[in-house]
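Biologist: Could you pull up the model and talk me through it? I have a few quick things to ask.

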Amino acid sequence: MFDVALASGGAQIALSTSSDDSHPPEHMIDGTDETFWTTTGLYPQEVIVRFQALMSINSVELSSYDVQNIALETSESDSIDSFEPLAEKEVERTDHQLQTVEVSVGERRAQCLRIIINSGYDHFVAVHRLKVNGKALHG
Amino acid sequence: MPTILRAKCIVAGDAGVGKSSICQVFHSDSAQFPKNYTMTTSVELLVKPVNIPDSRDQVEMYMYDSAGKEIFSENVIKFWDHPSVVMIVYDVTDETSFSSCIKWLERVRAMKSQTNIPGVLIANKIDLDQRRLISPKEGKDLAMSNGLEYFECSAKEMQNVDTPFFYMAHEFHKMYQERLQVYSSLA
């Protein structure tokens with residue numbers, strides 16, 4: 001079991017609805033809390049992460065700020081359509097510390113993960129880190 | 001690549017005060033003032049980019065020009081979730097429209113009560129000087145006591161229509177910069 005959403009492990013950002021060049025979505029999958037992705041206004045916002053191969057995933061973890069409602073979806077195919085709902089969650093507000101969002105999913109086959117931020121506690125939200133625990137499926 | 005922020009601007013106030021005219025004059029770079037009155041019965045969406053001085057950044061203003069007739073308000077409010085900034089408009093020749101401003105402001109702020117929503121109060125139709133009933137002082141006082149910035153304009157004369165939008169775009173950009181500081185301090 002390891003983090004299959006690391007850029008260094010071949011994961012990529014396939015799509016994002018907002019991007020400040022200084023705080024791109026790639027900052028979520030660079031393996032550190034130091035950098036972050038920010039939304040740039042309006043809701044909902046979304047990001048699609050494509051894993052290097054078809055994975056079996058067990059849990060998703062996010063470090064974020066000011067996220068209120070978040071939904072996760074997965075797709076088994078390489079193209080970024082045909083997503084199926086995975087989970088939806090209300091997140092508690094934190095004051096000057098990162099939110100930790102954890103979603104256990106049992107076992108789910110996924111090539112792509114879609115993160116939808118339906119609402120936030122402020123005009124903008126930040127996601128510092130995305131971690132997806134899983135393993136590659138072979139054959 | 002410049003950063004493009006997006007702000008949802010709710011434009012509210014009584015019917016006939018000039019909300020649609022203000023939005024259309026701003027949207028068309030003062031090329032178009034609607035000569036005939038058409039009542040807005042729902043929400044008209046207009047988008048206009050505003051450049052932020054001394055930066056490479058831009059704020060796209062999504063103007064939600066909202067019907068002012070009370071009968072439509074229940075429907076209109078459905079479009080107001082997650083407001084970024086707010087513009088409340090009144091007609092300086094119409095006392096009722098002035099006293100309605102608080103009602104409109106409260107409705108918008110109730111959509112996102114925990115969040116600071118920068119706003120402006122617009123005294124429109126200042127070209128009708130002879131018929132003016134609401135003094136600049138009354139307008140300024142109302143704006144100040146409700147945390148709004150006060151602007152006077154005449155959509156018909158295309159006078160000072162852009163300024164309040166620039167102000168809101170600038171405030172929104174400023175909030176973004178402040179949030180970036182917070183996000184950076186969290187790791």
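Modeller: What follows goes through the contact between the chains, then the salt bridges, a helix and the cysteines, and please keep in mind that this is a predicted model.

Biologist: OK, interface first. How many residues does the contact take from chain A and from chain B?

Modeller: Chain A contributes 29 residues to the contact and chain B contributes 27 residues. The area buried between chain A and chain B comes to about 2,300 Å², with carbon and sulfur atoms giving 59% of it. On the chain A side, Leu42(A), His123(A) and Phe124(A) lose the most area to chain B, and together they account for 29% of what that side buries.

Biologist: And how many salt bridges are there between chain A and chain B?

Modeller: The count there is two salt bridges, and one pairing across the chains joins the side chains of Asp122(A) and Arg179(B), at 3.6 Å from N to O. Asp122(A) and Arg179(B) also belong to a network of salt bridges that takes in Asp66(A) and Arg93(A). Beyond that, eleven residue pairs are in polar contact across the interface of chain A and chain B.

Biologist: Which strands of chain A supply at least two residues each of the side that touches chain B?

Modeller: Those are strand E7 (99–120) and strand E8 (126–136) of chain A, and the largest share, three residues, comes from E7(A). By type, the residues on that side of chain A divide into nine nonpolar, 13 polar and seven charged.

Biologist: Switching to the whole structure: how many salt bridges over all chains?

Modeller: The structure holds 17 salt bridges over all chains. One of them pairs Arg129(A) with Asp3(A), whose closest N and O atoms are 3.3 Å apart. Arg129(A) sits in strand E8 of chain A and Asp3(A) in strand E1 (residues 2–3) of chain A, so the pair ties together parts that lie 126 residues apart in sequence.

Biologist: Are Arg129(A) and Asp3(A) buried or exposed?

Modeller: Arg129(A) is buried, at a relative accessible area of 13%, and Asp3(A) is buried as well, at 11%.

Biologist: Anything like that in chain B?

Modeller: Lys8(B) and Asp81(B) meet through their side chains in a salt bridge, 3.1 Å from N to O. Lys8(B) is in strand E1 of chain B, while Asp81(B) is in the loop between H2 and E4 of chain B, 73 residues apart. Lys8(B) is buried, with a relative accessible area of 6%, whereas Asp81(B) is partly exposed at 39%.

Biologist: Now helix H1 of chain B. Why is it largely enclosed?

Modeller: Seven of the nine residues of helix H1 (residues 19–27) of chain B are buried, so the rest of the structure largely encloses that helix. The buried residues of H1(B) pack against several elements of chain B, including strand E1 (4–12), strand E2 (43–51) and helix H6 (162–184). Just after H1(B), Asp29(B) takes a positive phi of about 55°.

Biologist: Last topic, cysteines. How many disulfides over all chains?

Modeller: The count is zero disulfides over all chains. For Cys9(B), the nearest cysteine sulfur is that of Cys23(B), 6.9 Å away, and Cys9(B) is buried, with a relative accessible area of 0%. For Cys101(B), the nearest cysteine sulfur belongs to Cys153(B), 13 Å away, and Cys101(B) counts as buried at 4% relative accessibility.

Key. Residues are numbered from 1 along each chain as its sequence is written. Chains are lettered from A and ligands numbered from 1 in the order in which they are written. This is a predicted model: local features need pLDDT of at least 70, side-chain atom pairs count only at pLDDT 80 or more; totals for chains, interfaces and linings use all residues. Side-chain values use heavy atoms; hydrogens and water are left out. Buried means under 20% relative accessible area, exposed over 50%, partly exposed in between (1.4 Å probe, protein chains only). Helices (H or I, at least four residues) and strands (E, at least two) are DSSP runs, numbered from the N terminus. Contact means heavy atoms within 4.5 Å. Buried area is the accessible area (1.4 Å probe) that two parts lose on being put together, summed over both. A salt bridge is a side-chain nitrogen of Lys or Arg within 4 Å of a carboxyl oxygen of Asp or Glu. A polar contact is a pair of N or O atoms within 3.5 Å; within protein, one must be able to donate a hydrogen and the other to accept it, and residues adjacent in sequence count only if both atoms are side-chain atoms. Ala, Val, Leu, Ile, Met, Phe, Trp, Tyr, Cys and Pro count as nonpolar, Asp, Glu, Lys and Arg as charged, and the others, Gly among them, as polar. A disulfide is a pair of cysteine sulfur atoms within 2.5 Å.
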